[in-house]
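Biologist: I am new to this structure and would love a close look at one part of it. Could you walk me through the place where chain A and chain B meet, and the spaces around it?

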Amino acid sequence: MNGTLTPLRAWLLMLPLLVIMLSVIGWPFVDTLRLSFTDARLVGTGGEYVGLENYRRLFASDAFWRAFRITTVFAVVSVLLEMVLGVLVALLLFQDFRGRNILRALLILPWALPTVVNALLWRLIYNPEYGALNALLLQSGLMEEYRSWLGDPGSALAALIVADAWKNFPLVALISLAALHAVPQAIRAAAIVDGANAFARFRYVILPYLAGPLMVAMVLRTIEAFKVFDIIWVMTRGGPANSTRTLSILVYQEAFSFQRAGSGASLALIITLAVTLLAVAYVAMIRRAAGGKF
Amino acid sequence: MSTLDLIGIGKSYGATEVLRSIDISLASGEFLVLLGASGCGKSTLLNVIAGLLSPTTGEIRIDGKRVNEVHPKDRDVAMVFQSYALYPNLSVRRNIGFGLEMRGVPRARRDEAVARVARMLQIDGLLDRKPAELSGGQRQRVAIGRALVREPKIFLFDEPLSNLDAKLRMEMRAEIKHLHRLLATTVVYVTHDQIEAMTLATRIAVMNNGAIEQIGSPEDIYRRPATVFVASFVGAPPMNLIEATWDGRGLHLDGSGQTLALPAPDAAPRPVTLGVRPEDLRLADPADELAIAATVDFAELTGPDRIVFSRLAGVPILASLPPHSHVTADEQVRLTFSKRDMHLFDRGSGKRIDIPLRPVA
Ligand SMILES: Nc1ncnc2c1ncn2[C@@H]1O[C@H](COP(=O)(O)OP(=O)(O)O)[C@@H](O)[C@H]1O
Ligand SMILES: [Mg+2]
């Protein structure tokens with residue numbers, strides 16, 4: 001034993017993990033792949049081999065492209081919102097003021113709540129009859145009459161995005177807060193003496209230290225957001241008029257509501273492929289940002 | 001070219017006093033070194049001058065004008081930090097020009113100023129690199145360049161050379177001295193390194209525990225330390241300090257039974273500390289009256305000197321003797337010194353006592 005890890009020993013050490021991964025991910029994956037080439041129903045026959053028919057039908061359907069668009073909008077807007085909100089809150093909580101530590105502890109709350117609880121909470125806030133949002137907007141004179149935020153196809157997606165961003169911005173805020181503490185005091189001081197204003201200090205002093213951690217947060221959050229299911233299921237079930245039907249909701253409807261297991265499987269694989277491409281692109285970006293040292 | 005006055009500066013964090021009534025008056029073009037151990041408040045004082053911290057009490061004046069309420073960027077001071085504090089994703093060129101850029105100096109004039117400073121510091125070949133692509137010495141040059149290019153009223157340095165290796169430190173020290181001679185800008189320079197302090201300063205302020213122990217020329221600080229603290233802090237190897245009792249008959253070295261023929265002006269015994277620098281000691285002739293007898297532990301040849309480690313009643317006595325001096329372990333040596341080179345401090349207050357050079361009758 002000379003302490004170096006030979007490739008063989010490395011593989012041997014990884015073996016237990018690989019076995020588990022293959023059995024819980026690999027086999028279902030292969031089975032899903034097989035299903036996607038059949039017209040299997042959820043209950044009953046195993047289905048006939050239909051080749052690429054499921055994929056062809058999906059790519060030709062408006063429902064798929066609409067869900068794809070909705071998912072993309074949901075992911076992009078909610079992640080952007082989380083990033084901006086998270087960084088702003090982190091900058092605030094980095095300031096030295098009384099009660100800062102209590103606020104920092106409270107910050108974690110939305111994130112710690114189970115998604116279902118958060119979703120129910122926002123459903124209450126958006127409730128057309130007694131919801132807080134209607135009350136607030138009406139009483140402050142910003143709105144004339146109560147609105148059904150989740151019942152209106154024009155506002156349901158936006159309402160969902162806000163609810164999801166609210167739940168997830170604390171993660172970004174916490175990561176940013178940690179990164180802010182890593183900014184050397186001397187560079188802050190140098191920038192102040194050099195006469196940099198708040199924007200320039202953010203741009204040249206803070207952002208270099210924030211960019212890496214934020215990038216990682218963005219990767220994690222985009223992938224999560226692209227797969228979103230639970231918050232939508234609890235709040236709108238993809239409605240009204242399918243205006244919040246994301247890809248995951250569509251999979252669920254295909255496979256379980258309409259019991260078309262084969263077609264559902266092909267859609268699930270498409271999402272998997274999209275998320276994998278996203279992850280690969282991100283990793284390449286991070287690699288380049290880190291100068292290939294990652 | 002500016003004057004700087006600090007009047008009764010104090011800084012407290014809650015009950016912790018970090019600075020205690022600091023008074024310093026600098027003429028234009030002076031090079032003041034704040035010298036003190038780590039944690040004594042040097043950086044705090046520098047930050048107060050820069051405006052990065054507000055003092056709890058006292059007034060800061062630049063060119064006679066109170067600047068307590070003036071924002072750091074408007075005080076026209078430039079600062080160089082131990083950790084260089086370069087902007088990590090800006091090129092050397094933009095790092096140096098950053099202060100000018102933030103002040104809205106047009107691109108062409110900025111580039112010209114940066115080029116001039118870069119030539120002066122011999123970093124003109126590095127202008128397009130990022131800080132991460134520079135060595136420590138090069139980074140410090142960039143940091144100094146960033147301060148120089150602004151042509152500020154006052155330069156503030158916070159241990160700028162502490163992160164460099166010994167050889168580079170010496171080079172940069174010479175360079176800073178050269179730059180100061182060239183530009184004659186007022187400088188406040190913080191260090192814990194006494195060699196830096198002695199070589200660079202026109203005046204040194206020795207700080208201890210948030211207060212200034214002594215402020216004076218390097219010569220003053222070294223030859224006439226005002227307190228035991230200054231005496232022990234400045235000089236390497238450090239000054240020998242021997243507790244003694246002083247009365248009308250002479251200076252009785254505590255615990256050794258030896259008395260130096262140096263009667264006090266007052267008959268009443270007074271507890272004092274006798275200080276003699278190692279390099280002011282030499283082997284005594286039988287004729288020398290002013291001498292202490294000590295037992296040799298060992299000797300070390302440092303090159304130019306032979307440092308003799310000896311003991312007097314348990315107190316270590318170091319003597320820096322010529323290299324050919326011959327002493328052996330356990331030998332009794334008599335070490336003499338001239339009255340001019342001895343220091344006496346009151347043991348209660350730690351303050352210097354001026355010794356009458358001629359024996360009192
Ligand atoms: N924000 C602060 N709160 C409390 N104490 C502080 C603060 N900043 C510095 N100090 C204390 O002030 C003292 C002087 O610090 P500093 O000026 O950095 O010393 P130096 O630069 O001489 O090493 C130290 O004992 C340090 O612990
Ligand atoms: Mg310091």
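Modeller: Happily; here is a tour of the interface, followed by the pocket and the cavities. Please keep in mind that this is a predicted model.

Let's begin with the contact itself. On one side are 16 residues of chain A, and they touch 23 residues of chain B. Together the two chains bury about 1,500 Å², with carbon and sulfur atoms giving 69% of that area. On the chain A side, the residues that lose the most area are A:Val193, A:Asp194 and A:Tyr204, which together account for 46% of what that side buries.

Now for the charged and polar links. There are two salt bridges between chain A and chain B. In one of them, the side chain of A:Asp194 meets that of B:Arg146, at 3.9 Å from N to O. Six residue pairs are in polar contact across the two chains, counting pairs with both residues at pLDDT 80 or more. As for where the chain A side comes from, helix H8 (185–193) and helix H9 (198–226) each supply at least two of its residues. H8(A) provides the largest share, seven residues. Sorted by class, this side has 13 nonpolar, one polar and two charged residues.

A:Val193 and A:Asp194 turn up again in the second largest cavity, where they line the space along with A:Ala190 and, from chain B, residues including B:Met79, B:Phe81 and B:Arg146. So the two partners of the salt bridge described above, A:Asp194 and B:Arg146, are both in this lining. The cavity holds about 60 Å³. H8 of chain A, together with strand S6 (77–81) and H4 of chain B, each give two or more residues to the lining. Its classes are seven nonpolar, no polar and three charged residues.

H8 of chain A also helps to line the largest pocket, as do H3 (62–94) and H9 of chain A and helix H1 (42–50) of chain B. This pocket has about 1,000 Å³ of space. Its lining has 29 residues, and those nearest the centre are A:Phe94, A:Gln185, A:Arg188, A:Ala189 and A:Ile192. By class, the lining is made up of 14 nonpolar, nine polar and six charged residues.

One last stop is the largest cavity, with a volume of about 80 Å³. Among the residues lining this cavity are B:Ile144, B:Phe157 and B:His180. H5(B) gives the most to the lining, with four residues. Eight of the lining residues are nonpolar, two are polar and none is charged.

Conventions: Residues are numbered from 1 along each chain as its sequence is written. Chains are lettered from A and ligands numbered from 1 in the order in which they are written. This is a predicted model: local features need pLDDT of at least 70, side-chain atom pairs count only at pLDDT 80 or more; totals for chains, interfaces and linings use all residues. Side-chain values use heavy atoms; hydrogens and water are left out. Contact means heavy atoms within 4.5 Å. Buried area is the accessible area (1.4 Å probe) that two parts lose on being put together, summed over both. A salt bridge is a side-chain nitrogen of Lys or Arg within 4 Å of a carboxyl oxygen of Asp or Glu. A polar contact is a pair of N or O atoms within 3.5 Å; within protein, one must be able to donate a hydrogen and the other to accept it, and residues adjacent in sequence count only if both atoms are side-chain atoms. Ala, Val, Leu, Ile, Met, Phe, Trp, Tyr, Cys and Pro count as nonpolar, Asp, Glu, Lys and Arg as charged, and the others, Gly among them, as polar. On a 1 Å grid over the protein atoms alone, a cavity is a set of points where a 1.4 Å probe fits but cannot get out, and a pocket is an open set with protein on both sides within 12 Å along at least five of seven lines; lining residues have an atom within 4 Å of a point. Grid points are joined across faces, edges and corners, and a volume is the space filled by probe spheres set on the points.
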